[in-house]
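Please keep the sequence and the three-dimensional view side by side while reading. The paragraphs below move from the overall fold to single residues and then to the contact between the chains.

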Amino acid sequence: MKKEIARRKWLTGVFIVVCVIYLMPIFTVLMNSFKANAAINTDTFAFPNAQSYVGTDNYVNGINFGEYPFLKSAGYSLLITITSSALILVCTSMAAWYISRVNSVFARIIYYLCVFSMVVPFQMVMFTLAKTANTLHLDTPYTIPVIYLGFGAGLAVFMFAGFVKGIPLEIEEAAAIDGCGPLRTFFLVVFPMLKPVLISVGVLEIMWIWNDYLLPYLVLDRTKYKTIPIHIQYLQGSYGHVDLGAVMALIVISIVPIVVFYLTAQKYIIKGVVEGAVKG
Amino acid sequence: MKRRARKSNAALSGKLIRRPIQRMFPIFLLPTFIAFCIGFIYPFAKGIYLSFCKFTTTSNAKWIGIGNYIKAFQDASFMHAFQYTAMVAIVSLIVINLLAFAVAYALTRGIKGSNTFRTVFFMPNLIGGIVLGYIWSMIFDGILSRYGTSIVLSSTYGYWGLIILMAWQQIGYMMIIYIAGLQSVPGDLIEAAKIDGANGWHTLWHITIPTIMPSITICTFLTLTNSFKLFDQNLVLNGGQPFVFMADGTVIRSTEMLALNIYNTFYLNANSRGVGQAKAVMFFVLVATIALIQFSATRSKEVQQ
């Protein structure tokens, strides 16, 4: 028993070291975001010292870098993520309920097409999807949620339908007998019961859309609209000499919301992200 | 319970549930259906059609049969990308799963701070591919610049760099799935094995691993599909560099994976878009095949239980 306790203590020690190493990349970015450009290249892993420390210069430069303001990109990222996720949650949960309760041939065909769409990689549709979005004027941050709903419907419908199948029909029958129409039954009775899946699907969609690069890059009119990933990639790609310090500062700014979101809703995030993978 | 529900379903819910909902089709299903057609069904069908056409934009497509597929097969860079992707997939599969399992195994021993460690390991998973690529290219170049080289100058460094990046990103994720599996291993089974004189390795090999086979299947296929679909990280870390210029004028981008190769075929040269679409269809068939194998593998496991 004593031996076991000693071994556990030793294991904890090992893990503390491993975790510190594991977080090194993030620390390094944070450190470098306060250093002068020259020092980032030559002393990547050194702490900022009196010579290399530049205060918040990198942050100021990063936000004002290029002819497109970073805060605009951040705003569009936030707008697209929130509206698209909300649209997906409401529309696909309704669709999934319709599909499982009506269960007609047409509904089943839609369901299997949704399942099928989950195995189709984005490269398969990227060119035609971008052209379609362009033709239908779905290429602005205000209309792109429709594209996200369409391309993301598969997994969401699949997860919602799986859960709805487990809800006993008697509850909805009782609501119907009490005079609820389908709309009221869904929003007052079924929707609240979907809470655990709503959270899981919501987390999955938020993580996907916030970090997505290629879809908005191809769909959006890039001269007018950028998201954070597009903005960061564009800084690196379009200037011969890159202001590394500014890029590091922008990376810090873009990671902070994710870390805060993660630390506050960790339990749901881990559950949601993993459930999507295990079921999909 | 189930049978009764089904019986009442047939008798009652036709009138109460099914038909009223069906009348609400325009509200419940139509929005998703239209978006699904715009965002998936039409682009998919059109994509299949265009793979048999010569085109630079969707309106000037001319049917040319399987010519694009033949060209794709003759494209040395596509074959190279396929091999390279397979090599990344196999090595990352082994590295990620071994490490993730080891971490999960250690963190289910009831050591102090397990939850904190878990939080730390999972965190990189939430960072997007573009940002991940920059973080790691900065780190690799920070190390390599001391030796006068860079991640974009050597395909060996590019390869191992990508493996390290993927491991850092995915270990935490697979760890969570393994932890869930390990927690479902019955404690009395391990107790019984111990009483029968089995040592740690024996219990791990003969009891723990066979019971968590479903988790192993899931993680194996997940890492496999993740590698095949990898794009953002590949694009940012080194963008396929270094490039090798062949005698016949073609370029082989030595660290370019399948998804990036398809992207480059589309957007570096507008005249090769037909070939790009043909490559994309083959890419889709490949990814779908992996998913089908996974599906049947998990199915057969369920039957056994």
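Read from its N terminus, chain A of this predicted model follows the pattern α-α-α-α-α-α-α-α-α-α-α-α-α-α. That amounts to 14 helices and 0 strands. The radius of gyration of chain A is 24 Å, well over the 19 Å that the globule rule gives for 280 residues, so chain A is more spread out than a compact globule. Its C-alpha trace spans about 75 × 70 × 35 Å along the principal axes. Of the 280 residues in chain A, 46% count as buried. Among the contacts in chain A with a separation of 6 or more, 75% are accounted for by residues 24 or more positions apart.

Chain B combines 14 helices with 4 strands. With a radius of gyration of 25 Å, well over the 19 Å given by the globule rule for 305 residues, chain B is likewise more spread out than a compact globule. The C-alpha trace of chain B covers about 70 × 70 × 30 Å along its principal axes. Buried residues account for 41% of the 305 residues in chain B. Of the contacts in chain B between residues at least 6 apart in sequence, 74% join residues at least 24 apart.

How confident is the prediction? The model as a whole scores ipTM 0.87 and pTM 0.88. Chain A has a mean pLDDT of 86, and 96% of its residues reach 70 or more. Chain B averages a pLDDT of 86, with 93% of the residues scoring at least 70. Among the elements of chain A, helix α2 (residues 37-42) has the lowest mean pLDDT, 74, whereas α4(A) has the highest, 93.

Helix α4(A) is a useful place to look more closely. Its axis and that of helix α10 (residues 195-211) of chain A come within 9 Å and cross at roughly 145°. The crossing of α4(A) and α10(A) is right-handed. On the side of α4(A), the residues that meet α10(A) include A:Ser77, A:Ile80, A:Ser84, A:Ile88 and A:Leu89. Those that α10(A) contributes include A:Leu198, A:Val201, A:Gly202, A:Glu205 and A:Trp210. The residues of this contact between α4(A) and α10(A) divide into 8 nonpolar, 6 polar and 1 charged.

A:Trp97 also lies in helix α4 (residues 70-102) of chain A. Is A:Trp97 buried or exposed? A residue is buried if 20 or more other C-beta atoms lie within 10 Å of its own. A:Trp97 has 25 C-beta neighbours inside 10 Å and therefore counts as buried. Leaving aside residues up to four places away in sequence, A:Trp97 touches A:Val164, A:Phe186 and A:Val190, together with B:Phe28 from the other chain. By contrast, the C-alpha atoms of A:Trp97 and A:Cys19 are separated by 43 Å, these residues being 78 apart along the chain.

In the loop between α4 and α5 (105-117) of chain A is A:Asn103. A:Asn103 has a positive phi of about 55° although it is not a glycine. Most residues other than glycine have a negative phi, and most peptide bonds are trans. With 14 C-beta neighbours inside 10 Å, A:Asn103 counts as partly exposed. A:His137, in the loop between α6 (122-135) and α7 (144-164) of chain A, also has a positive phi, near 60°. A:His137 is exposed, because 9 other C-beta atoms lie within 10 Å.

Chain B offers two further points of detail. The peptide bond from B:Gln241 to B:Pro242 is cis, with omega near -5°. B:Pro242 lies in the loop between α12 (232-237) and β3 (243-245) of chain B. Elsewhere, B:Tyr49 is found in helix α3 (residues 30-50) of chain B. B:Tyr49 is partly exposed, with 15 other C-beta atoms within 10 Å. Its C-alpha atom is separated by 10.0 Å from that of B:Gly274, although the two residues are 225 apart along the chain.

Finally, how many residues of chain A are in contact with chain B? The contact joins 70 residues of chain A to 75 residues of chain B. Helix α1 (residues 2-32) of chain A gives the most to the side of chain A that touches chain B, with 11 residues. The residues of that side divide into 49 nonpolar, 16 polar and 5 charged.

Definitions and conventions
Residues are numbered from 1 along each chain as its sequence is written. Chains are lettered from A and ligands numbered from 1 in the order in which they are written. This is a predicted model: local features need pLDDT of at least 70, side-chain atom pairs count only at pLDDT 80 or more; totals for chains, interfaces and linings use all residues. Helices (H or I, at least four residues) and strands (E, at least two) are DSSP runs, numbered from the N terminus. The radius of gyration is taken over C-alpha atoms; the globule rule is 2.2 Å times the number of residues to the power 0.38. A residue is buried if 20 or more other C-beta atoms lie within 10 Å of its own, exposed if 12 or fewer, and partly exposed in between; C-beta atoms are placed from the backbone. Two residues are in contact if their C-beta atoms, placed from the backbone, lie within 7 Å. pLDDT is the predictor's confidence in each residue, from 0 to 100. Axes are lines fitted to C-alpha atoms, for helices over the stretch in contact, and angles run from 0 to 180 degrees between N-to-C directions. A crossing is left-handed if the near helix is turned anticlockwise from the far one by less than a right angle, and right-handed if clockwise. Ala, Val, Leu, Ile, Met, Phe, Trp, Tyr, Cys and Pro count as nonpolar, Asp, Glu, Lys and Arg as charged, and the others, Gly among them, as polar.
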